[in-house]
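Here are a few exercises to work through with the model open in your viewer. Try each task before you read its solution.

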Amino acid sequence: MSAPDQSPILRLAVSADALSPRLASLLALQRAEEPETIILLQEVAAGDLVRGLEDGTYDVGMALAATTTAFTMNAQPLWADELALAVPLRSPLLAYPAVSLDALLHYPLLQWCLWACEALRQQVDARFDPEMHSAKDVTSFDLLAVLVAAGFAVGIAPRSHIARARGWGVAMRPLANGPYLVSTQLLRRPHGSARAVERFAERAVKVAATEAA
């Protein structure tokens, strides 16, 4: 007697900065249209994601665009998010309809995902002299939100993340002279993909088009 066919498995690696409601929409669509394929989702560091794709640990990945700059990957742009300013609920910066970087020189500044937006990163580096007033990277948005809500700092992060942190005591303001965008890409190995990966990629493009409409 032959063994029953095993369900196909799709190993999906996602960097923390690419976790978003759009990814949830994509996974829901995948589950509705192809329930027989098992999705094994793992949150990984950006460097581990790329290495895992190269050595076959993962079938497909999702990360911010700058993750792929030093690697040869099949990178498919999906959706973009705007970088904005996270401030405490009673911050004087809420008086500004849009906040300039010069106004931030009076505040400790935290940054998350800024490396993925070259245009804004260069401006921050030019204004925030490490010897006088440095902008500090944080390893997670949750840490940024806690420190901002407590009044220790203000922070630059993707708008969608800041919007979900209002219940923590965090408000959002646009950055002047923007928008400054960070984009999420779907990553695959450059030499061929399984049909399940191709179908997943097609659904990702469909979700991206729906969100942009």
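Before we start: helices, of at least four residues, and strands, of at least two, are DSSP runs numbered from the N terminus. Keep in mind that this is a predicted model.

**Exercise 1. Find where His161 sits, decide whether it is buried or exposed, and list what it touches.**

Step 1: Place it. His161 belongs to helix H5, residues 159-163.

Step 2: Check the cover. Buried means under 20% relative accessible area. His161 has 8%, so it goes down as buried.

Step 3: Look for partners beyond four places in sequence. His161 touches Asp17, Leu19, Trp112 and Phe141.

**Exercise 2. Describe the surroundings of Ser15.**

Step 1: Ser15 is in the loop that runs between strand S1 (9-14) and helix H1 (21-33).

Step 2: Its relative accessibility is 2%, so this loop residue counts as buried.

Step 3: Now see what packs around it. Leaving out residues up to four places away, Ser15 touches Val44, Ala46, Leu49, Met62, Ala63 and Leu64. Glu43 is 28 residues away along the chain, yet the C-alpha atoms of Ser15 and Glu43 are 5.6 Å apart.

**Exercise 3. Map the largest nonpolar core and say which element gives the most to it.**

Step 1: Count and rank. This core has 37 residues, and those with the most contacts inside it are Leu85, Leu104, Leu120, Leu144 and Ile156.

Step 2: Sort by element. At least two core residues come from each of strand S4 (74-88), strand S5 (109-111), helix H3 (118-127), helix H4 (141-149), strand S7 (154-158) and strand S8 (170-173). S4 gives the most, with five.

Step 3: Zoom in on one hub. Beyond its neighbours within four places in sequence, Leu120 contacts Leu83, Leu101, Leu114, Ile156, Leu175 and Tyr180.

Step 4: Don't stop there. Another core of 18 residues lies apart from this one, with Ala18, Leu23, Leu26 and Val60 among its members.

**Exercise 4. Work out why Cys113 and Cys117 don't form a disulfide.**

Step 1: Recall that a disulfide is a covalent bond between the sulfur atoms of two cysteines.

Step 2: Check the distance. The closest cysteine sulfur to that of Cys113 is in Cys117, 11 Å away, which is too far for a bond.

Step 3: Check the tally for the structure: zero disulfides.

Step 4: Add the cover. Cys113 is buried at 2% relative accessible area, and Cys117 is buried too, at 5%.

**Exercise 5. Trace the salt-bridge network that includes Glu33 and Glu34.**

Step 1: Get the overall count. The whole structure has 11 salt bridges.

Step 2: Start with Glu33. It pairs with Lys206, with 3.5 Å between the closest N and O atoms. Glu33 is in helix H1 and Lys206 in helix H6 (residues 195-212), so the bridge ties together parts 173 residues apart in sequence.

Step 3: Move on to Glu34. Its side chain meets Arg199 at 2.9 Å, N to O. Glu34 is in the loop between H1 and S2 and Arg199 is in helix H6, so this pair ties together parts 165 residues apart.

Step 4: Glu34 also bridges to Arg203, at 2.8 Å. Both Glu34 and Arg203 are buried, while Arg199 is partly exposed at 27%.

Step 5: Join it up. Glu33, Glu34, Arg199, Arg203 and Lys206 are linked in a network of salt bridges.

How values were computed: Residues are numbered from 1 along each chain as its sequence is written. This is a predicted model: local features need pLDDT of at least 70, side-chain atom pairs count only at pLDDT 80 or more; totals for chains, interfaces and linings use all residues. Side-chain values use heavy atoms; hydrogens and water are left out. A nonpolar core is a set of buried Ala, Val, Leu, Ile, Met, Phe, Trp, Tyr and Cys residues joined through side-chain atoms within 4.5 Å. Buried means under 20% relative accessible area, exposed over 50%, partly exposed in between (1.4 Å probe, protein chains only). Contact means heavy atoms within 4.5 Å. A disulfide is a pair of cysteine sulfur atoms within 2.5 Å. A salt bridge is a side-chain nitrogen of Lys or Arg within 4 Å of a carboxyl oxygen of Asp or Glu.
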